[in-house]
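Student: I have a structure open beside its sequence, and I'd like to understand how the descriptive terms are earned. Could you take me through them?

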Amino acid sequence: MYNSSISEDNFYNNKREVMQAALRPFTHMQAWLAPTGQSGYYYHSELSADQLAWPQKGRHGYDGGDHIRLHYHTWTSNEGRLRNAWTLMWGGLGYVNNAIGDIESLDVSMIDGLTEEDRAIIISQLKVLRAFHYIKLMDMWGNVPIVTKVADPLNPETKPRSEVFDFVLQELLDNVEKLPLTSAENIGQVSRAAGYAMLAELYLNAEKWKGQPMWDECIAVCDKIISGQGGGIGGAPQLSPDLTALFSNTNSANPESLFQFQFSREAGFTFDWAGFFFGYDYMKEVLNVGYGGWNAFVVIPSAFDAFAENDLRKKEWFLFGPQYKYGTNIPVLGTEEYSGKPFVLVNSIRRESEGDLTGPGSMTEGEENSGARFHKYKSGTLDDPNYWENDYIIYRLTEIYFNKAEANHAQKQWRGYCRSCGAYQRVAQESIHRC
């Protein structure tokens with residue numbers, strides 16, 4: 001399926017065509033990684049955790065109980081959405097293997113503008129991208145096959161997660177230092193800061209995935225990123241001074257980003273997060289945009305409550321409370337339980353329209369206004385020259401500081417360092433406060 005079987009007389013003609021072949025697996029990856037409506041990695045990792053849920057809201061959103069089983073961890077052995085994720089992610093890995101095989105077999109002397117050095121860098125980029133696929137496959141399923149060639153073998157055997165971990169780690173160690181430094185010139189490619197970020201994620205999870213903690217290694221690679229040894233869009237990575245800048249419609253060259261998908265509405269490749277995160281078409285009036293959503297994901301009430309009232313993130317990253325037509329005090333009206341009435345997003349998932357104002361609620365008792373809505377990415381309004389030009393951020397510098405803080409914290413705990421006096425907590429807090 002993923003073997004292009006390109007013959008010698010119709011192989012690539014120039015370096016640009018080779019780069020296009022190498023980038024094809026990366027563009028496919030957005031289908032399963034970014035929250036663009038597919039039931040891929042994002043859907044399963046977020047809705048099985050403790051921050052987001054997709055509850056039934058009246059007559060909408062039951063969907064065979066898929067989202068409810070995911071939230072309650074009562075999934076079965078026959079989940080169609082999980083099968084879709086498996087197909088998307090393994091298909092993507094097949095694209096990577098196919099590109100590696102094709103490019104390794106090239107006669108470089110026959111390709112205009114391509115050198116052996118170019119080919120070596122491209123192969124390293126693809127192998128690091130394959131390692132990233134395996135990080136997420138291992139996170140989702142644990143024990144998985146290790147496959148490096150298309151259809152060879154046809155039915156690969158499953159390997160223990162510890163063995164998959166070792167394979168991924170070696171692939172990264174063998175190739176990350178060969179990657180070009182991250183810079184403004186290679187945004188949207190696999191570059192060195194992105195590779196270091198993958199290593200940080202791998203090391204941080206080593207105790208679970210490998211059965212062996214690797215806190216020192218995690219801290220060391222985080223320090224490489226923070227100090228700029230992997231490069232950065234601004235020369236070295238820098239934290240954004242504004243909470244909204246990294247997710248805005250001008251975020252393509254933000255110096256905090258380490259790895260991202262380049263989306264562009266004008267170029268016909270839009271980051272369409274609205275389906276998951278926004279309510280119905282009345283959101284067009286609220287935000288002065290041209291899209292609505294499926295009224296799907298909501299913030300779990302306890303997660304929303306975890307933000308203090310004076311936390312700027314609570315103000316900037318969520319939609320909550322009364323919703324008004326853009327730029328006015330005119331309420332937007334509901335269309336379901338609150339049809340014709342002011343639409344007010346509430347921090348509960350229960351049938352308040354039927355008088356239940358204090359019950360615990362459940363995943364089957366939602367209404368059209370249940371739950372705060374995640375609103376970190378903002379497209380701008382219809383008249384904004386950069387309307388809906390947002391890139392999707394995969395790794396960012398803030399995450400690296402948190403990884404280092406968590407590794408510092410866990411390292412001191414693991415070594416039994418001043419458990420009672422909280423000294424190890426101070427080390428973690430000092431790192432976090434920098435964010």
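Student: What makes helix 1 roughly antiparallel to helix 4?

Tutor: Start with the numbers, bearing in mind that this is a predicted model. Helix 1 (residues 15-33) packs against helix 4 at an angle of about 170°, and their axes are 9 Å apart. Angles over 145 degrees count as roughly antiparallel, so helix 1 and helix 4 earn that description.

Student: Which residues in helix 1 and helix 4 meet?

Tutor: On the helix 1 side they are Val18, Ala21, Ala22, Arg24, Pro25, His28, Ala31 and Trp32. Their counterparts in helix 4 are Leu88, Met89, Gly91, Gly92, Tyr95, Val96, Ala99 and Ile103.

Student: Leu23 also belongs to helix 1. Why is Leu23 called partly exposed?

Tutor: Its relative accessible area is 31%. Buried would need a value under 20% and exposed one over 50%, so Leu23 falls in between and is partly exposed. Leaving aside residues up to four places away in sequence, Leu23 touches Gly188 and Gln189. As for Met140, 117 residues apart from Leu23 along the chain, the two C-alpha atoms are separated by 24 Å.

Student: How do you know that helix 5 is roughly antiparallel to helix 6?

Tutor: The axes of helix 5 (residues 116-141) and helix 6 cross at roughly 155° and come within 9 Å. With the cut-off at over 145 degrees, that angle makes helix 5 roughly antiparallel to helix 6. The helix 5 side of the contact includes Ser124, Lys127, Val128 and Tyr134, and the helix 6 side includes Arg161, Val164, Phe167 and Glu171. The crossing of helix 5 past helix 6 is left-handed.

Student: What makes helix 6 roughly antiparallel to helix 7?

Tutor: You can use the same kind of reasoning. Helix 6 (residues 161-175) and helix 7 (residues 192-204) have axes that come within 10 Å and cross at roughly 150°. Set against the cut-off of over 145 degrees, this makes helix 6 roughly antiparallel to helix 7. Phe165, Val168, Leu169, Leu172 and Leu173 of helix 6 make the contact with Met198, Leu199, Leu202 and Tyr203 of helix 7. Here, too, the crossing is left-handed.

Student: On to the cysteines. Why is there no bond between the sulfurs of Cys218 and Cys222?

Tutor: The sulfur of Cys218 has its closest cysteine sulfur in Cys222, at 4.1 Å. A disulfide needs the two sulfur atoms within 2.5 Å, so that pair is too far for a bond. Looking from Cys222, the closest cysteine sulfur is in Cys218. A search of the whole structure finds 0 disulfides.

Student: Are Cys218 and Cys222 buried or exposed?

Tutor: Cys218 has a relative accessible area of 0%, and the value for Cys222 is 0%. Buried means under 20%, so Cys218 is buried and Cys222 is buried.

Student: Why is strand 10 described as largely enclosed by the rest of the structure?

Tutor: Because 5 of the 5 residues of strand 10 are buried. Strand 4 (residues 257-261) is mostly covered, with 5 of its 5 residues buried.

Student: How do you know that strand 4 and strand 10 pair?

Tutor: Pairing takes at least two bridges. Strand 4 and strand 10 (residues 392-396) are joined by 4 bridges and run antiparallel, so they meet the requirement. Within this pairing, Ser257 has Arg396 of strand 10 as its bridge partner, while Phe259 stands opposite Tyr395.

Student: What makes the backbone at His73 and Ala151 worth a look?

Tutor: Most residues other than glycine have a negative phi. His73 is not a glycine, yet its phi is positive, at about 60°. Ala151 has a positive phi of about 60° as well, and is not a glycine either. His73 sits in the loop between helix 3 (66-72) and helix 4 (80-104), and Ala151 in the loop between strand 2 and strand 3.

Student: Why is Ala151 called exposed, and why is His73 called partly exposed?

Tutor: Ala151 has a relative accessible area of 52%, and exposed means over 50%, so Ala151 is exposed. His73 is at 46%, which lies between the limits of 20% and 50%, so His73 counts as partly exposed.

Student: Where is there a cis peptide bond?

Tutor: A cis peptide bond joins Asp152 and Pro153, with omega about 0°. Pro153 lies in the loop between strand 2 (144-145) and strand 3 (158-159).

Key. Residues are numbered from 1 along each chain as its sequence is written. This is a predicted model: local features need pLDDT of at least 70, side-chain atom pairs count only at pLDDT 80 or more; totals for chains, interfaces and linings use all residues. Side-chain values use heavy atoms; hydrogens and water are left out. Buried means under 20% relative accessible area, exposed over 50%, partly exposed in between (1.4 Å probe, protein chains only). Helices (H or I, at least four residues) and strands (E, at least two) are DSSP runs, numbered from the N terminus. Axes are lines fitted to C-alpha atoms, for helices over the stretch in contact, and angles run from 0 to 180 degrees between N-to-C directions. Angles under 35 degrees count as roughly parallel, over 145 as roughly antiparallel, 65 to 115 as roughly perpendicular and the rest as oblique. A crossing is left-handed if the near helix is turned anticlockwise from the far one by less than a right angle, and right-handed if clockwise. Contact means heavy atoms within 4.5 Å.
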